[in-house]
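I opened my notebook to look around one protein model, a step at a time. Come along and check each entry against the picture.

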Amino acid sequence: MEIAKTYNPQEAESKWYPYWMEHKFFKSVPDSRTPYTIVIPPPNVTGVLHMGHMLNNTIQDVLIRRARMRGFNACWVPGTDHASIATEAKVVKLLADKGIKKTDLSREEFLKYALDWKEKYGGIILEQLKKLGASCDWDRTRFTMSEDMSEAVIDVFIDLYNKGHIYRGVRMVNWDPQGMTAVSDEEVVHKEASSKLVFVKYMIEGSKEYITVATTRPETIMGDTAVCVHPEDERYKHLKGKKCIVPVVNRAVPVIFDTYIDMEFGTGALKVTPAHDINDFNLGQKHKLPVIDALTPDGKISEAAGAYVGMDRFAARKQIIKDLQEQGLVEKIEEIKNKIGYSERTNAVIEPKLSMQWFLKMGDVSKPALEAVMNGEVKLIPEKFVNTYKHWMENVHDWCISRQLWWGQQIPAWYDSKGNTVVCKTKAEAVELLKTKNSELKPEEVTQDPDVVDTWFSSWLWPLTVFDPKVIQKGWDNANEDLKYYYPTNDLVTAPEILFFWVARMIIAGKEYTGKSPFSNVYLTGIVRDQLGRKMSKSLGNSPDPLDLIAKYGADAIRVGVLFSSPAGNDLMFDTPLEITDETPLESKYCEQGSKFANKIWNAFRLVKGFEIGKVKQSASAAAAITWFENRFSEQLEIINDQYSKYKMSDALMTTYKLIWDDFCAYYLEAIKPEFVDGKSMPIDPETYYKTISLFEDVLKVIHPWMPFLTEELWHLVNKRGPKDSIMISKWPEVKSTDAKLLKEFEAVKQIVTEVRSIRQKKQISPNEKLEVFEKSDASRSTFDDVVVKLANLSSFSYTKQKVEGATSFMVFTTEFFVPLAKYINSDEEKEKLIKELDYEKGFLKSVQVKLANEKFVSNAKPELVEKERKKESDALSKISSLEEQLKNL
RNA sequence: AGGGAUGUAGCUUAGUGGUUUAAAGCGCUGCUCUUACAAAGCAGAGACCGUGUGUUCGAAUCACACCAUCCCUACCA
């Protein structure tokens with residue numbers, strides 16, 4: 001069979017993913033094995049795969065594939081999140097394009113459109129994950145708004161309400177005028193902006209005097225109900241009891257005094273707009289001021305404002321400034337920097353707005369969740385996030401959980417016409433309950449709250465309800481087999497930015513409903529940035545489409561590429577071009593390294609496959625190489641396992657990479673490779689051949705979590721396989737005890753080989769010319785002599801008790817080696833080399849001797865350390881005397 | 001404004017008081033198409049570990065200050 005010279009990833013990817021699916025290798029059902037479980041952070045139904053998903057899901061897949069091979073019952077639960085605001089916005093826009101207004105539709109009609117949209121587009125991202133090789137149990141695919149999952153959300157709402165954790169009230173909330181809904185504190189992104197600070201004159205009633213206030217939001221002037229100054233402020237003390245005239249609407253409002261005011265800022269006078277600023281609202285409460293809501297929910301000037309009605313808030317701002325300037329009421333305008341809140345979902349400027357909302361009291365429920373992280377029940381990786389977590393949990397505000405949307409779980413609160421409220425599941429129950437408060441109740445007047453709950457109020461149940469949606473109703477003790485088996489899950493892999501949004505809240509819900517945290521470890525990935533350190537985003541145009549990268553380099557290469565330099569919690573500076581356009585080629589050195597690695601392994605296979613088995617005896621070098629590689633493999637595997645256990649993913653990958661490239665390919669395969677004689681390969685002995693196949697299989701196994709497609713392809717080529725076989729379900733290799741002395745000896749072999757190669761390089765001696773090497777030692781033979789002969793291409797490797805004349809020399813550890821090279825020796829070069837080495841050794845010796853001469857070191861340092869230094873000293877001395885002798889002989 | 005994190009070769013990282021005078025991968029330079037792989041092989045150059053001051057017999061590693069970058073929290077109109 002002709003084997004392609006280069007690995008073709010596309011072919012393997014299209015072959016093996018369907019194979020895995022067909023044989024249900026991803027599927028998990030409870031059994032007697034120990035479970036290993038990951039629930040996916042459900043991507044939005046509106047989402048498409050981006051680099052963040054790429055990183056995140058590769059890590060999850062590596063963890064789950066390795067766990068599966070280690071004999072755990074591995075279960076990775078996939079699914080999507082309904083994303084209220086984003087999805088509703090998408091559907092509203094889609095309808096608008098068809099000329100349909102949301103307000104023209106009934107709730108049911110709208111939800112039908114939304115569901116259709118979800119059916120059509122909501123699964124795209126999951127299909128994309130398959131291209132990556134994600135080994136999710138697709139039979140368990142969940143959706144946060146499916147009927148059973150939604151019912152659990154409603155049950156939780158009712159339960160928490162009955163426990164007194166949920167309340168309804170008028171509060172200042174973050175209003176998204178584009179999404180036309182409240183959003184939580186966590187969904188507001190504050191960004192620095194340069195704004196105009198407008199100094200506006202407010203005339204004092206019945207006087208020609210005026211007071212100047214500074215504002216960045218002139219469009220809220222119509223909502224002003226006072227001007228506030230500091231009671232100690234000498235400039236304004238005389239205004240006590242006076243009123244001033246609000247411009248535009250010419251309303252007289254009181255001048256009030258409060259220590260809240262910062263006298264230094266602006267003019268020390270603040271216009272008070274209780275409906276549009278949280279602090280003004282508090283001031284208004286304190287001073288019993290009226291509230292005038294000057295804005296409509298969609299961010300336009302309201303009827304109540306009395307002027308500029310219907311104008312957009314930003315247009316109104318400009319217009320008002322212009323009009324005030326014309327009236328001579330603007331004293332000056334300054335440019336200032338301030339922070340402006342934007343909606344995470346729609347990017348609209350957030351408007352503080354008073355409104356009636358539902359809240360979850362966070363005080364009590366958050367305590368067990370804080371404790372779980374502090375006492376190590378939940379480990380955050382890296383640990384540095386514990387501080388951040390603690391800070392947030394100790395300063396947590398009540399959570400606004402209602403959203404003025406239709407796409408989501410409708411709040412199970414019911415009202416009558418007299419202002420009574422009950423919380424329960426069905427209208428029938430509500431009627432009964434309301435009757436106890438209102439004896440004249442007519443069933444038809446009972447209405448349900450039109451709002452839905454925050455999406456996070458549903459996804460915080462994710463690790464529970466993906467297994468048993470009924471757990472809230474039945475209680476943890478009656479949970480189904482799945483939940484009992486898989487919960488608590490093991491690892492959660494997610495981005496630090498949703499540590500509070502989601503992770504903290506899942507712990508809260510887990511603690512509340514099962515008494516247990518939903519996972520043991522939370523691995524927080526870095527943020528994927530470009531080479532300038534900017535977060536990759538659509539709007540910047542610096543984010544490559546992962547599918548394009550996969551098409552170019554192959555999925556395995558990308559998986560390896562993104563993890564090569566991404567330690568936990570540190571951002572990943574990805575190296576694709578700064579601007580992704582159709583013209584610039586999509587290039588990434590990281591991915592290239594990944595694809596070169598795939599090709600390297602592929603070619604190692606080609607070599608092995610080309611071996612011809614013959615009736616020959618195993619060579620000494622092959623036997624020695626096998627022993628060495630078995631030891632080396634175990635030694636490195638132990639390190640790799642340890643790195644995994646510490647979630648040092650990049651390190652585990654790098655160690656694996658070097659084990660394969662350097663040890664397996666560059667040393668092992670070179671050592672066992674049969675000789676070429678007269679342009680023909682000699683046959684290999686069966687023992688070495690079969691051992692090599694088995695070692696190759698071990699090597700494939702340890703890289704399989706990273707490169708599932710390539711390894712599956714080779715798994716089937718390297719040996720005969722049954723019809724249902726897969727490397728996916730093979731066993732992760734065991735660590736065996738290793739011979740440290742032997743490993744150390746081979747390190748010397750590597751150095752000898754390097755030294756000989758270096759001599760060839762310097763003397764321009766062809767790699768084909770065989771050389772002779774002598775080791776100055778009392779020994780007469782050691783295990784790896786034949787390996788040295790082979791790798792360094794020697795005619796002989798022998799031992800001598802005296803120095804060899806007419807030879808160049810080198811040292812490995814403290815042993816001297818000679819290479820007779822009479823015709824190549826150039827004593828000047830030799831001298832130079834020796835002097836350079838001698839200088840280094842003398843410098844080193846000095847640094848050691850300084851330490852040893854220091855009495856305080858000798859008396860204070862641990863005895864074994866002093867011993868070590870003495871050993872260093874004697875080694876250096878022996879090297880120096882040997883070097884000096886060589887110099888003398890030249 | 002407050003809090004936190006990070007700063008080690010051109011890039012990405014490892015190293016958290018003494019295992020050679022700082023390690024690796026990529027990149028770079030030079031040489032080699034040697035029959036698995038030029039998507040390769042071989043060799044080499046390259047960092048006084050952000051800056052400064054301390055603690056210590058000894059500091060990349062600990063402390064303090066400063067600088068830079070990033071993140072989080074906060075109502076400065």
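**Entry 1: salt bridges.** I began with a definition: a salt bridge is a side-chain nitrogen of Lys or Arg within 4 Å of a carboxyl oxygen of Asp or Glu. Side chains of opposite charge can pair when their charged atoms come close. I kept in mind that this is a predicted model. How many salt bridges does a search of the whole structure find? I noted 62.

I then looked up a few of these pairs. Arg65 bridges to Asp61, and 2.8 Å separates their closest N and O atoms. The two residues sit four apart in helix α2 (residues 51-69), which means that about one helical turn lies between Arg65 and Asp61. Are they buried or exposed? Arg65 is buried, at 0% relative accessible area, and Asp61 is buried too, with 0%. I used the cut-off of under 20% for buried.

Next I turned to Lys237, whose side chain meets that of Glu234 in a salt bridge, 3.4 Å from N to O. Lys237 is partly exposed at 40% relative accessibility, while Glu234 is exposed at 61%. For exposed, the cut-off is over 50%.

I also found Glu805 and Lys803 joined by a salt bridge, with 3.5 Å from N to O. Glu805 counts as exposed, with 62% relative accessibility, and Lys803 as partly exposed, with 26%. Elsewhere I wrote down a network: Arg217, Glu219, Arg313, Arg317 and Glu351 are linked by salt bridges that share partners.

**Entry 2: the RNA strand.** Now for the partner molecule. Which residues are closest to RNA strand B? I listed Ser565, Phe676, Gly843, Phe844 and Asn854, out of 57 residues that surround the strand. Of the atoms of RNA strand B that come within 4 Å of the protein, 59% belong to sugar and phosphate.

I checked some contacts to the bases as well. An N or O atom in the side chain of Tyr260 is 3.1 Å from a base oxygen of RNA strand B. Asp262 uses a backbone N or O atom, which lies 2.6 Å from a base nitrogen of the strand. Glu670 has a polar side-chain atom 2.9 Å from a base nitrogen of RNA strand B.

Which element gives the largest share of the surface near RNA strand B? My note says α19, with 10 residues. Elements that each supply at least two residues there include β13 (330-343), α21 (649-672) and α26 (827-853). I sorted this surface by class and got 20 nonpolar, 18 polar and 19 charged residues.

**Entry 3: two buried residues in strands.** Thr215 belongs to strand β8 (residues 210-215). Thr215 is buried, since its relative accessible area is 8%. A polar atom of the Thr215 side chain lies 2.9 Å from the backbone nitrogen of Arg217, and I recognised Arg217 from the salt-bridge network.

Ser809 is in strand β30 (residues 807-812). Ser809 counts as buried, at 6% relative accessibility. I compared places in the chain and in space: Ser809 and Gln886 are 77 residues apart along the chain, and their C-alpha atoms are separated by 8.4 Å.

**Entry 4: a nonpolar patch.** Val48, Tyr121 and Ile124 make a nonpolar surface patch of about 220 Å². Tyr121 lies in helix α4 (residues 107-121) and is partly exposed, with a relative accessible area of 35%.

**Entry 5: backbone surprises.** Most residues other than glycine have a negative phi, and most peptide bonds are trans. I went looking for exceptions. Where does Pro382 lie? I placed Pro382 in the loop between β15 (379-381) and α10 (385-394), and the peptide bond from Ile381 to Pro382 is cis. The peptide bond from Tyr487 to Pro488 is cis too, with omega near 0 degrees. Pro488 is in the loop between α15 (481-486) and β22 (489-494).

Asn250 is not a glycine, yet has a positive phi of about 50 degrees. Asn250 lies in the loop between β10 (243-246) and β11 (251-257) and is exposed at 59% relative accessibility. Lys288 also has a positive phi, about 55 degrees. I found Lys288 in the loop between α7 (278-286) and α8 (313-326), exposed with a relative accessible area of 74%.

Note on methods
Residues are numbered from 1 along each chain as its sequence is written. Chains are lettered from A and ligands numbered from 1 in the order in which they are written. This is a predicted model: local features need pLDDT of at least 70, side-chain atom pairs count only at pLDDT 80 or more; totals for chains, interfaces and linings use all residues. Side-chain values use heavy atoms; hydrogens and water are left out. Patches are made of residues with over 30% relative accessible area and no salt bridge: like charges are joined within 9 Å, nonpolar side chains (Val, Leu, Ile, Met, Phe, Trp, Tyr) within 5 Å. Accessible areas come from the Shrake-Rupley method with a 1.4 Å probe; for residues, only the protein chains shown count as cover. Buried means under 20% relative accessible area, exposed over 50%, partly exposed in between (1.4 Å probe, protein chains only). A residue is near a molecule or strand if one of its heavy atoms lies within 4 Å of it. A polar contact is a pair of N or O atoms within 3.5 Å; within protein, one must be able to donate a hydrogen and the other to accept it, and residues adjacent in sequence count only if both atoms are side-chain atoms. Ala, Val, Leu, Ile, Met, Phe, Trp, Tyr, Cys and Pro count as nonpolar, Asp, Glu, Lys and Arg as charged, and the others, Gly among them, as polar.
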